Amino acid sequence: MTTLKTSFIVLRNVSFLTAWRIAEFRRMDPFNPFDLAFTDPNHPFHLHHMEMCLNEAAVAADEDEVPIGALVIHPDLGAIGLAHNMREQLNDPTAHAEIIAMTQAGTALKSWRLDRCILYVTLEPCAMCAGAVVQARLSMVVYGCTDPKGGACHTLFQIPSDPRLNHRAAVIGGVLADRCGAILTDFFQGKRKEGKK
């Protein structure tokens with residue numbers, strides 16, 4: 001199992017969703033990086049947590065797993081799920097980083113409902129993981145790079161925001177997208193050089 005790391009950003013007596021709503025209703029200073037709208041992919045809160053996901057993706061690459069990292073943040077408890085892909089190690093087709101991180105979060109909260117939580121992940125979630133976002137009642141998904149062959153948040157499907165479903169999650173894409181894409185590109189180029197698919 002992955003060791004859980006704590007988030008360094010703490011909002012005293014104010015949940016991040018409350019802070020987000022306050023920020024949205026007041027005038028923003030476009031020259032202050034801490035005064036960006038919470039929906040902006042360059043918001044420091046998102047950058048910080050995506051860095052944690054990138055560190056986890058690097059662990060996956062070292063273990064010869066597809067380098068995808070995921071993190072679940074709770075507004076009061078901070079990081080409650082941190083994982084990377086483990087399909088090869090566990091021989092489990094469902095062992096995506098997002099699924100493992102959500103399972104850890106559910107265990108931490110002693111509940112399957114993650115309705116006040118945000119999922120961060122380096123790659124746009126697939127249909128399985130996007131479906132799990134809806135089932136877990138997550139409030140938001142924040143991802144790094146898009147997945148043109150399997151993305152189910154913006155690219156091929158819009159599962160978390162589909163109005164036909166009983167729950168919808170906000171989606172923000174493009175957080176540190178270049179770096180998130182580069183770690184995947186490097187990994188698969190290395191595999192091709194080794195003659196593996």
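**Inside the fold: one cavity and a pocket**

Search the whole structure and you find one cavity of 30 Å³ or more. Keep in mind as you look around that this is a predicted model. The largest cavity holds about 30 Å³ of space. To find it on screen, pick out E65, V66, N85, R87 and E88, which line this cavity. Sorted by class, that lining has three charged residues, one polar and one nonpolar.

Now for the open side of things. The largest pocket offers about 430 Å³ of space. It is lined by 19 residues, and the ones closest to its centre are I68, L123, D147, L184 and F188. If you want a landmark, go to helix α6, residues 177-194: this helix gives the largest share of the pocket lining, with five residues. As for chemistry, the lining of the largest pocket breaks down into nine nonpolar, five polar and five charged residues.

Step back and trace the whole chain. Along the way you'll meet six helices and five strands. From start to finish, they come in the order α-α-β-β-α-α-β-α-β-β-α.

How does the chain pack? Take the contacts between residues at least 6 apart in sequence: 60% of them join residues at least 24 apart. Of the chain's 197 residues, 49% count as buried, which here goes by a relative accessible area under 20%. On the outside, the chain exposes about 10,500 Å², and 56% of that area is supplied by carbon and sulfur atoms.

Conventions:
Residues are numbered from 1 along each chain as its sequence is written. This is a predicted model: local features need pLDDT of at least 70, side-chain atom pairs count only at pLDDT 80 or more; totals for chains, interfaces and linings use all residues. Side-chain values use heavy atoms; hydrogens and water are left out. On a 1 Å grid over the protein atoms alone, a cavity is a set of points where a 1.4 Å probe fits but cannot get out, and a pocket is an open set with protein on both sides within 12 Å along at least five of seven lines; lining residues have an atom within 4 Å of a point. Grid points are joined across faces, edges and corners, and a volume is the space filled by probe spheres set on the points. Ala, Val, Leu, Ile, Met, Phe, Trp, Tyr, Cys and Pro count as nonpolar, Asp, Glu, Lys and Arg as charged, and the others, Gly among them, as polar. Helices (H or I, at least four residues) and strands (E, at least two) are DSSP runs, numbered from the N terminus. Buried means under 20% relative accessible area, exposed over 50%, partly exposed in between (1.4 Å probe, protein chains only). Contact means heavy atoms within 4.5 Å. Accessible areas come from the Shrake-Rupley method with a 1.4 Å probe; for residues, only the protein chains shown count as cover.
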